[in-house]
Structures are given as C-alpha cells and as structure tokens.
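How are the terms used for a ligand site and for a pair of domains justified by the values behind them? The questions below take up that matter.

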Amino acid sequence: MSTFSFAGLYARTAAAPKGIGWGKRGRYDFAVAYPDPTSLPIAGLLEGLRQAMEEEGGDLSLYAHPQGYTPLREFVAAKLERDRAINVTADDIILGDGSSQPIHMIAETLLDPRDVVLTEDFVYSGTLNTLRRFRADLRGVATDEEGMIPTAIEDAIRQAIAESKPPKLIYTVPTFQNPQGWTMSLERRQALVALSQQYDVPILEDDCYVDLRFEGKDVPSIYSLDGSGRVLYVASFSKIIAPGMRIGYLTGPRAFLERALGAKSGGSVSTFGSWAVHRFSTSHLYSHIEEINDIQKQRRDAILAALDEYFPASATRWSRPQGGLFIWLQLPEGADTVAARDRILDEYDVGYHPGPQFAPDGVAGRNCLRLCFGYNAPEEIAEGIQRLAAGFRAEGLIE
Ligand SMILES: Cc1ncc(COP(=O)(O)O)c(C=O)c1O
C-alpha cells in the first residue's frame, strides 16, 4: 500500500511548519529566556505537591473549574492587588497554559484577518507568531528607553484609521521589555492609556517580567491607570517559578473573559501543577523572588561589565535593564547578525537571537540581537561575551 500524505489536506489557515525537536544550543546560551536552573525551588514545589495530594488528592479524578484551580486564582487576585493595584476577584482570573495560551485566547477572541495590531518596534516573538496565526496586520511603533513614543502611537492609530482599519489592539510588554530590556515610564503609560481612551483601542499588557526587579522603583501597571475596562492583563509563573510549570493567567472585563474562556482549548489548566504552584506560592513565593533577583542582578552586572570590556562603546549600544532577563545589543548599521548566527554558534559555542525575530515585519533589526543573561553563571557570561565579541570581529560585524 502506498504511504499516505497529508500534503493536500491542510487547512488554508494551518500554521506554517515548525521543526520537530530542538535546535542546537550554545554552551554560552544567551538565546533563550531560561531562568537560572540551579535556583529552581524543587524542594518547595515537591513539598507543596505532597501536602496538596494528601489534602485533596482525590480531586484528581475530577475535571477542574474551567477557569482553573480556585485557590490559585484567589492567590493570583491577591497578588495582583498587592503588587499591581489591580482589584479583581478569583472570578476575574482565567488560568492558562503559561501566559502564551491566554494571549492566544485573546487573539482568537478579537482578531479577524487583516485587523491592525500595534506593538513595539521589537517585541516578544511568541506573541508575534500567535498574532500572525490570526493574520493580524502587525505594525511596530518606535520606542526609546522609556517605551513606545506617544506621538508615534498616535500617528500609527491615525494612519490605520485613515485606511479604514482602526486598530483592534495595542500589545505591549511594558516592564523589562522582551527583547529590549527597558521599562515604560509612568508618563508614557499615562499617555498610552489616554490614547487608548481617546481612540477606543484596547491594550494588552503583558507583565510577565514585572517581579524580576532588582533595582529601581516599580512603575504602576497600565491596567491600574485605566479604570475604563480597556486593558487586558496577562502574566505568568514561568519567570518566577519555572517555565516548565506552564501556568499563567489573564484578567480583564468580565464580559470579555466570558468570550475568551470560550476560546480556551484543552479544558482546565493542570490541577497537579496548580497545586504545586499554589502551595509553594502561598508560603515561599516572595522570598524566592528575592533570591532569584539577587542571582539575576549578579548576572546582569556580569554581562554589562563584559559588554563594557569587549564591545566598542563608540560603535555599539546596549540597554541597561533594572530587572528581567534581556539586553538589546545594537551593532553598527549594516552588520548582519542573522548571517553570522550559525557560525557564531558552531565556532564559538555562543547562542543569541537576531533582531528580525522580534520585528513585527520579520525583517527589521538585522544589526541588532537579544542577549538573555538568565542562564549562565557570571564567569561563563563574561567568557561568552568575550567569545561573542571575538566572533563578531572575525565576521567583520564590529571593529
Ligand atoms: C513577553 C512574554 N510574554 C509571554 C511569554 C510566554 O511565557 P509563558 O507562556 O511561559 O508564560 C514570554 C516567554 O518568554 C514572554 O517573554
């Protein structure tokens, strides 16, 4: 019998193919946003899970509440009130498979093909790919070290309106932005909210790095500055406990949440994982966050010192984040980080993500790259940056 092929059967809207398996990783891995593997709270999670299994293990035989394990939603609501001045109840929270799934639910709930979504000039590639799945017309807005520039946002809104395509959504990662590392200032947040209200364009605030502050003062959430129901808010336990837990959450106006819940696939979020996160969080989350921020600060210091030492300050620029995991490195115009990437990985064992991966048009930023400083120890970071500079010199990207 001949072998069957699906080739002629794919839906018109099927996703583009994705390679099966992992790509190669560098020993000096500045590519992926991993937290420090040695500081994962394994004992605390295990203990939390044991307690929960003893107390309510029988509930594993049930399908959980569609919005997710209620005590964890209560914890999230209390955390949002305490940390972000977001006053919601457990009923206003939907737990998701990371924050990626809530972002997917929002896209599915709001977007028709060709709907305009405004976002930062370089922003998290996972969300860009999700928005592309829904055929959004993605438009990047210019940023500086304080976030999106209000006149550029307004120009982009007006341009879209002039094309009879008023934007459906503004997506932003306002705190320790992925990939650029900056945090949007209070004034910029206020200006963004004012524009959102003036032009009736809702905002998706993706706050998954906000707890990873090791310097400076917190800036209020965009959600708390609005008060008119135009802001959807997502965050996650991925960066403060572990990405492998796959637990994140969404809040927003109740009527929107009801529509979004209808777009949630896969039933509820794992009760098993929720137990571990809930029990661990109620007793240890804040002390754990302090612990990981101490570690990340050392790594941030190490990468900044290494960049100062090995990269030419006259021709290259980089961000100096007060938290989070990322530095955005800009090489001279014409330098091609895309072409150099595989050779740098093979010959220097250093991984990074080139700029176009974060560009709404998928093209801009070939002279830029994202460096994640979460994974390697400080000494390795210094060595990795030295190697990266040597590689870029050998490739002719820097002098
Ligand atoms: C800005 C941003 N949003 C969302 C996510 C998704 O993370 P998760 O689904 O693990 O919560 C990431 C992951 O790196 C991210 O950087």
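The following exchange concerns a predicted model and treats its ligand site and its domains.

Q: What makes a residue one of the 13 that surround the ligand?
A: A residue counts as near if one of its heavy atoms lies within 4 Å of the ligand. The shell of 13 residues has Ser 100, Asp 206, Tyr 209, Ser 236 and Ser 238 as its closest members. By class, this shell comprises 4 nonpolar, 6 polar and 3 charged residues.

Q: Why is the pair formed by the side chain of Tyr 209 and the ligand called a polar contact?
A: An N or O atom of the Tyr 209 side chain is 2.5 Å from a ligand oxygen atom, and the limit for such a pair is 3.5 Å, so the term applies. The side chain of Asn 178 also places an N or O atom 2.7 Å from an oxygen atom of the ligand. For Ser 99, the N or O atom belongs to the backbone, and its distance to a ligand oxygen atom is 2.7 Å. Of the 390 Å² of accessible area that the ligand has on its own, the protein covers 94%.

Q: What makes it correct to say that the ligand sits in a pocket?
A: The phrase requires more than half of the ligand's atoms to lie within 2 Å of the pocket's grid points. The ligand is assigned to the largest pocket on that basis.

Q: How do you know which segments form domain 1 and domain 2?
A: The domain assignment gives 28-40 + 287-394 as domain 1 and 43-283 as domain 2. Their centres, taken over C-alpha atoms, are 25 Å apart.

Q: What makes residues of domain 1 and domain 2 count as in contact?
A: Contact requires heavy atoms within 4.5 Å. By that criterion, 29 residues of domain 1 are in contact with 32 residues of domain 2.

Definitions and conventions
Residues numbered from 1 in each chain as written. Predicted model: local features only at pLDDT ≥ 70, side-chain atom pairs only at ≥ 80, totals over all residues. Heavy atoms only, no water. Polar contact = N/O pair within 3.5 Å; in protein donor to acceptor, adjacent residues only side chain to side chain. Areas by Shrake-Rupley, 256 points an atom, 1.4 Å probe, with all protein chains shown as cover. 1 Å grid on protein atoms, 1.4 Å probe; cavity = no way out; pocket = protein on both sides within 12 Å on 5 of 7 lines; lining within 4 Å. Nonpolar A, V, L, I, M, F, W, Y, C, P; charged D, E, K, R; others polar. Domains from an automatic or database assignment.
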